[in-house]
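Subject: Structure handover

Hello,

Here is the structure for you to take over. Please look through it first; my notes come after.

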Amino acid sequence: QGRIQLTEGLQSSKDIARIIFNRLLTLGAIPRTIDGMIPYGCMSNIRLYRYSTGDSFGKHIDESHFCLIEKVPCTSQFTCLIYLNGNEINDDSNAESDEQGLPGLYGGALAFYQSHSAKESCQIFAPKVGLCIVHRHGHMCRTHESQPILNGVKYVLRTDVVYTADDCGGGGNRRTAAGSGGTVGSKKKQK
């Protein structure tokens, strides 16, 4: 599998992170609070994954990590995956070509498991253009895998959603978190 990473210093990656975060907020795709923390933004460390025929990513969990964004302490709480192509044209049963003559995608579903030792998945999501899957990190992360690509190429964009303590940026006035990519509440300083 291939991977391209837009580094955090690029304005374009900050713009992409901001757009994704605002969309997640608008859709209500992420909780407004988790254990006293509020959403701060999406990481501007944008990754583009490319899975080709035969590629897979075995069972794993996504660890939560600490980071500083504009000197604000944050912790990643969610993975956000956005599928840039899919297998809609194949109805999951064959691998024809799309309108441009490119080989259709077959396989590559994201499967979730009740435990790391489980043999059977409990949820499966087939790749579809524009599908956005948001799932927890760390101790709340469910074991998952990207099943093998049987034909074609799958492209997935990934970022992480970070949260911060409510006293580090919550409440009152609205502002844009330029480094992390979203509109969040922030308290005015008391004089």
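Below is what I found, from the whole chain down to single residues.

Please keep in mind that this is a predicted model.

Overall make-up

The protein has 191 residues, and 45% of them are buried. Its secondary structure consists of one helix and 15 strands. Contacts over long stretches of sequence stand out. Of the contacts with a separation of 6 or more, 74% join residues 24 or more positions apart. The accessible surface is about 10200 Å². Carbon and sulfur atoms hold 54% of that surface.

Cores

The largest nonpolar core contains 16 residues. Within this core, Ile 20, Leu 24, Ile 30, Cys 42, Val 161 and Tyr 163 have the most contacts. Two or more residues each come from helix 1 (11-27), strand 2 (37-42), strand 6 and strand 13. Helix 1 is the top contributor, giving five residues.

Val 161 is a good place to start looking. Leaving aside residues up to four places away in sequence, Val 161 touches Phe 21, Leu 24, Ile 30, Gly 41 and Cys 42. On the same terms, Val 161 also touches Thr 75, Ser 76, Gln 77, Phe 78 and Cys 80.

Another core, of ten residues, lies apart from the largest one. Its members include Tyr 51, Leu 105, Phe 112 and Ile 149.

The second largest pocket

This pocket holds about 180 Å³ of space. Its lining is made of 15 residues. Which of them lie nearest the centre? They are Tyr 49, Tyr 51, Phe 57, His 60 and Leu 81. Tyr 51 thus appears twice in these notes, in the lining of this pocket and in the core of ten residues.

Five strands each supply at least two lining residues: strand 3 (46-52), strand 4 (57-60), strand 6 (72-83), strand 11 (144-146) and strand 13 (153-165). Strand 6 and strand 13 also give residues to the largest nonpolar core. By class, the lining has seven nonpolar, five polar and three charged residues.

Arg 47

One charged side chain deserves a look. Arg 47 lies in strand 3. Is Arg 47 buried or exposed? Arg 47 counts as buried, because its relative accessibility is 6% and the cut-off for buried is under 20%. Arg 47 and Leu 81 are 34 residues apart in sequence. In space, their C-alpha atoms are 9.6 Å apart.

Best wishes

Note on methods:
Residues numbered from 1 in each chain as written. Predicted model: local features only at pLDDT ≥ 70, side-chain atom pairs only at ≥ 80, totals over all residues. Heavy atoms only, no water. 1 Å grid on protein atoms, 1.4 Å probe; cavity = no way out; pocket = protein on both sides within 12 Å on 5 of 7 lines; lining within 4 Å. Points joined across faces, edges and corners; volume = space filled by probe spheres on them. Helix = DSSP H or I, 4+ residues; strand = E, 2+ residues; numbered from the N terminus. Nonpolar A, V, L, I, M, F, W, Y, C, P; charged D, E, K, R; others polar. Buried < 20%, exposed > 50% of the residue type's maximum accessible area, 1.4 Å probe, protein only. Contact = heavy atoms within 4.5 Å. Areas by Shrake-Rupley, 256 points an atom, 1.4 Å probe, with all protein chains shown as cover. Core = buried A, V, L, I, M, F, W, Y, C linked by side-chain atoms within 4.5 Å.
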